[in-house]
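This briefing goes through the fold of one protein chain. The sequence and the coordinates are shown below.

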Amino acid sequence: MFEAPGGDPRSDRLLLVSDQFPPAQSAGALRWQKLSRFAADRGWILDVITRDPALLDARDDSRLAELPAGTRVYGFVPQDLALDRAEQWLSRAYRAVRRERSSECGEPAERSSGRVPAPRPTGGLSVAPEQIRWALTAPRFWIRSYWSWLDNRRQLTWARSIEALGRRILDSALHRAVISCGPWHLCNHEAARRLSRPARLPHIMDLRDPWSLERRIAETLASPIYFALARHYESRAVHDAALVVVNAEPVERAMTVRYPSAASRIVTVTNGYDDEPIPLSRHGGRFTIAYAGGIYLDRDPRPLFQAAAQTIEALSLTPDDFGIEFIGNVDDYGGVPIARMAEQEGISGYVKTGPLRPRREALEMLAEATMLLSLPQDSPWAIPSKIFEYMQFDAWLLVLAEPDAPAALLLRESVADVVSPGDVDGLATVLRRRIEQFARGERPRRLAHETRFSRRAQAERLMDAIGRCLAPRPTPAPRSEEAPVVERAMVGMRKP
């Protein structure tokens, strides 16, 4: 357990269940890291159940230092299913046989990590719901259905582990509500639902991304079974929740249609830029496009590379004049290395990739960019949180999104450049215009001067909504030292 120094042990607390929270470096972890400060301003300190930091691929402990005094972070370890262990045993046995046969034939032995790798997509990286069909005669249908069912069982197992930990943490004298933030939707929201009901605490359900209304699903899970299970567990959680938080107005409208009886309990709270010190933007003589994050599902950089190739040729640019830099989980897209993709488009000398960095180092890299890139969002109903982070820098924003996507609607009255993901000519036009402006001495201005995009404005909306869900604390009745044991035990308890 981590506990931020200081704080009043008698402060009211909110129990948050979220897979993404510091010291994780992900963009999702930033949401409640930042919201914790606004909750503390209302007198609510967070107790957080999140993934055990020892399991993180990358961590940034400096984020823990930014948490309000008294914040407590508890790690849980997701448990393997018996099926997972069986698959791992079969995999090891299979590889052992392969090694034995290879050695008999004089072939190099195959190396093994001893664990079954996560299912890898084949063909398309993600699938839209309308493309998913019942196809009982297709082997791939049954494979996807099995993986969907297995993912469901796995998350329910994790939910039980979280619930067990939460019951040890919950204190009826201190906790005012249970909050869940997904993805992972099923394990987080189901665990919070199970914790809140017997404790008679309101459940605040924060859908960082859509759940059953997800518009793109990983190919490995693209089965009707996935959506049937998602709708079942989502409906239970929505029915019991005191508040359902979504991060885009189109999602709120869709959720209201699906759950009309919960319409008054559904509210939109987007992310936003933060009022925090960041490195000053530094523009040299090179026009640099920067991207920080991950490249997965439909975040295909190839159209940008094709547009860059057109622009480089049209303006006779060298790598000293122009470049594209990626940091994070950006080694490949769809199994094709980014370096090879750039080489295929003829711009290998203009593209650079680097590993995931601590947040402060990533901000320094963004401060040196002339243009900041947001690749296509795999869910067209979500707004990439990095867009708000980008707003803090004096840089032009290039957002790849369809005209009716939430990100495009958010930025429709701003100076950001929003281009359809596959519009190579449109991308080339934007690049050429901005590079020519830059060559004339024009410099971009940050969007953070528009307060409508601030996290503070959105956080105040959320905290007001949470406050309306909390029952007022009863005033303990005066009692003598001889008060009955039962009466003493009830002092400080909230009304149901």
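The points below cover the chain as a whole, its two described sheets, the helices that lie across them, a helix pair and a loop residue.

The model is predicted. Its protein chain holds 14 helices and 18 strands. Of the 496 residues in the protein chain, 52% are buried. Among contacts in the chain with a separation of 6 or more, 79% join residues 24 or more positions apart.

**Eight-stranded sheet**

- One open sheet has eight strands with mixed pairing, in the order β1-β4-β3-β2-β6-β7-β9-β10.
- Its edge strands are β1 and β10 (266-268), and each of these pairs on one side only.
- Strand β6 covers residues 175-182, and eight of its eight residues are buried, so β6 is largely enclosed by the rest of the structure.
- On one side, β6 pairs with strand β2 (residues 12-18) in the parallel sense, over six bridges.
- Within this pairing, L16 stands opposite I179 in β6, and S18 stands opposite C181 in β6.
- Strand β7 (residues 203-207) also runs parallel to β6, and five bridges join the two.
- Here C181 stands opposite D206 in β7.

**Helices against the eight-stranded sheet**

- Helix α4 (residues 185-199) forms a right-handed β-α-β unit together with β6 and β7.
- The same helix, α4, lies across β2, β6 and β7 and runs at about 165° to β6.
- Helix α13 (residues 455-469) lies across β3 (44-51), β6, β7, β9 (243-246) and β10.
- The direction of α13 is at about 165° to β9.

**Six-stranded sheet**

- A further open sheet contains six strands in the order β15-β12-β11-β16-β17-β18, with parallel pairing.
- Strands β15 (351-354) and β18 (417-419) stand at the edges with a single partner strand each, so one side of each has no neighbour in the sheet.
- From one strand to the next, the twist averages 20°.
- The edge strand β15 pairs with β12 (residues 322-329) in the parallel sense over four bridges.
- In that pairing, E325 stands opposite K352 in β15.
- Helix α12 (residues 424-439) lies across β11 (287-294), β12, β16 (371-374), β17 (396-400) and β18.
- Relative to β17, α12 runs at about 175°.

**Packing of α3 and α5**

- Helix α3 (residues 139-169) packs against helix α5 (residues 224-240) at an angle of about 30°, and their axes are 8 Å apart.
- This angle makes α3 roughly parallel to α5, because angles under 35 degrees count as roughly parallel.
- From α3, the residues in the contact are F141, S145, S148, W149, N152, R153 and L156.
- They meet P224, I225, Y226, L229 and Y233 in α5.
- By class, the residues of the contact of α3 with α5 are eight nonpolar, three polar and one charged.

**Loop residue D8**

- D8 lies in the loop between β1 (2-3) and β2.
- The relative accessible area of D8 is 33%, so this residue is partly exposed.
- D8 and G43 are 35 residues apart along the chain, and their C-alpha atoms are separated by 9.9 Å.

Note on methods: Residues numbered from 1 in each chain as written. Predicted model: local features only at pLDDT ≥ 70, side-chain atom pairs only at ≥ 80, totals over all residues. Heavy atoms only, no water. Axes fitted to C-alpha atoms, helices over the stretch in contact; angles between N-to-C directions. Parallel < 35°, antiparallel > 145°, perpendicular 65-115°, else oblique. Contact = heavy atoms within 4.5 Å. Nonpolar A, V, L, I, M, F, W, Y, C, P; charged D, E, K, R; others polar. Buried < 20%, exposed > 50% of the residue type's maximum accessible area, 1.4 Å probe, protein only. Pairing = 2+ DSSP bridges. Right-handed = clockwise from strand over helix to strand, strands pointing away.
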